[in-house]
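Q: I have a model open and would like to learn how to read its charged residues and contacts. Where should I start?

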Amino acid sequence: MKRSCARPNLKYAPTGKGVVNHAGARLLADVAEGVGLTDALSDAMAVTRRRKGGHDRGKVLTDLAVMLADDGKSISDLCTLRDQPRLFGEVASTPTAWRTLEAVDGSVIDRINEARATARARAWAAGADPGFYVIDIDATLVGAHSEKEDAKPTYKRGFGFHPLMAYLDATGEALAGMLRPGNAGSNTAADHITVLDDALFQLPVDPTETEVIMRADSAGCTHEFLKTCRQRDVRFVVGHELNIGIAKVLVSIPEDDWIQAVTSDGTTERDHAVVCEVTDKVDLSAWPDGTRMIARREPCHPGAQLTFTDEEGHRFQVCVTDLADTDISYLEALYRGRGRVEQTIADAKDTGLANLPSASFAINQAWVTVMLCAQDIIAWTQLLCLDGELAGAQPKRLRYCLFHTAGVISRNSRQNTVNLSDSWRWTDQLIDAFDRAHKIRTLT
């Protein structure tokens, strides 16, 4: 039986004129310029320039951030932008990019963070302000497959780094990131305090006037850290270790004291999951005044490995908070929403965090700072330029649908036009996003 070919026969020839790849990635650069990030980074990096000529190092950082947001994996991937000057303009060489990162020391990172905060304020003024401020702080592990400075064995028997990150839950914006050795402690209060302060610096709101909530797993449940939250006028909701004493209390609670848990959006009751406040049944005197403890009970998932606290097939979790809301179902759902940061950190690893480029710890910290800029640019693009599904899509989908779109540049009447495919289902959304990006400056 003769098999028929399912694909059309094609002939290939190098005759295309004005063809550009990753045309949609120009949207990221336009958003960065629209919110003033490029200009602010230029001011921040001005102190590192040794001569008047050469590339603007602030623009080099922006180009690196755009490259990471567009799925670049290494500094050499900057060639994706550099090889298309009609689309991205003049882009620095790989050695120049390396020198730019080498110039980013601790004091320069402080200046870059000021630039990010300035751009964030403009982005929020343009419409990105979520109106509800929950800071998620969580750590993750990043493997190192070669000898890198301060790469150490991790608690999971790997080798690499243990960065501590902070994100704004409502928008996915990257507020802070501290690169740490792989053997850094999970519940080191000093590191949590540093990351919290860096995150608060990024917010255009004042915690003394607007409610700001810090959320973390049990690694953030230390006396020093929660005391600092109180000093910063930041509310907290954090996981608490389930020890034998608390477990004994939970299994003795009457069935009538448990109430139905709700979904993370607070609209629907969760089947088989119940919550209860146990503040008056445990000793919380060592924690800040007003600290409450809330417990959740639900059946263990099929196949789960049971522990001594899993009484009669039920799994318990507890959290502590100083929020005064009387709806404990809402408070428990608020804590459970912490799981979203795990996906945000996974997105960070897909946007450069998993590919630390250098043997130098300082350069790798600079790379993490650029990665934070990349995540911010993606978040602002979604908040200010996109609607519907793509407004909440993960970076991988945005790259497929928008950023990696090809086009043909033509020039007519002194106007350059990027001609996009009329059969690509996201072309209209991409064009609309470009139109919105160009209007951002007028909104701030």
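**Reading charges and contacts**

A: Start with one residue: Asp71 is partly exposed, because its relative accessible area is 28%. Keep in mind that this is a predicted model.

Q: Which residue does the side chain of Asp71 meet in a salt bridge?

A: The general idea is that side chains of opposite charge can pair when their charged atoms come close. Here the side chain of Asp71 meets that of Arg399, with 3.3 Å from N to O. The two belong to distant parts of the chain, 328 residues apart: Asp71 is in the loop between α3 (57-69) and α4 (79-82), and Arg399 is in helix α14 (residues 395-403).

Q: Is Arg399 buried or exposed?

A: Arg399 counts as buried, because its relative accessibility is 3% and the cut-off for buried is under 20%. Its partner Asp71, at 28%, is partly exposed.

Q: How many salt bridges does the structure hold?

A: The count is 29 salt bridges. One of them joins Arg120 and Asp376, whose closest N and O atoms are 2.9 Å apart. This pair also links distant parts of the chain, with Arg120 in helix α7 and Asp376 in helix α13 (residues 361-385), 256 residues apart.

Q: Are Arg120 and Asp376 buried or exposed?

A: Take each partner in turn. Arg120 has a relative accessible area of 0%, so Arg120 is buried. Asp376 is buried too, with a relative accessible area of 0%.

Q: Which residue forms a salt bridge with Asp136?

A: The partner is Arg215, and the closest N and O atoms are 2.6 Å apart. Asp136 lies in strand β2 (residues 133-139) and Arg215 in strand β8 (residues 212-216), so this salt bridge ties together parts that are 79 residues apart in sequence. Asp136 counts as buried at 1% relative accessibility, and Arg215 counts as buried at 1%.

Q: Which residues are joined into one network by salt bridges that share partners?

A: A pair is one case; shared partners are another. Here Arg270, Arg296, Glu298, Glu332 and Arg336 are joined in this way.

Q: Which residues form a negative surface patch?

A: For a patch, look for like charges on the surface that have no salt bridge. In this model the negative patch consists of Asp105, Asp110, Glu114 and Asp198. Of these, Asp110 has its place in helix α7 (residues 106-128). Asp110 counts as partly exposed, because its relative accessibility is 47%.

Q: What does Asp257 touch, not counting residues up to four places away in sequence?

A: Leaving out sequence neighbours shows which other parts of the chain meet a residue. Asp257 touches Val275 and Cys276 on that basis. The C-alpha atoms of Asp257 and Val275 are separated by 8.6 Å, and the two residues are 18 residues apart along the chain. Asp257 sits in the loop between α10 (244-251) and β10 (259-262), and is partly exposed, with a relative accessible area of 36%.

Q: Where is Thr427, and with which residues is Thr427 in contact?

A: Read the place, then the cover, then the contacts. Thr427 is in helix α15 (residues 427-438). Its relative accessible area is 8%, so Thr427 is buried. Apart from neighbours within four places in sequence, Thr427 is in contact with Leu420 and Ser421.

Key: Residues are numbered from 1 along each chain as its sequence is written. This is a predicted model: local features need pLDDT of at least 70, side-chain atom pairs count only at pLDDT 80 or more; totals for chains, interfaces and linings use all residues. Side-chain values use heavy atoms; hydrogens and water are left out. Patches are made of residues with over 30% relative accessible area and no salt bridge: like charges are joined within 9 Å, nonpolar side chains (Val, Leu, Ile, Met, Phe, Trp, Tyr) within 5 Å. Accessible areas come from the Shrake-Rupley method with a 1.4 Å probe; for residues, only the protein chains shown count as cover. A salt bridge is a side-chain nitrogen of Lys or Arg within 4 Å of a carboxyl oxygen of Asp or Glu. Lys and Arg count as positive and Asp and Glu as negative; His and the chain ends are not counted. The place of a charge is taken as NZ of Lys, CZ of Arg, CG of Asp or CD of Glu. Helices (H or I, at least four residues) and strands (E, at least two) are DSSP runs, numbered from the N terminus. Buried means under 20% relative accessible area, exposed over 50%, partly exposed in between (1.4 Å probe, protein chains only). Contact means heavy atoms within 4.5 Å.
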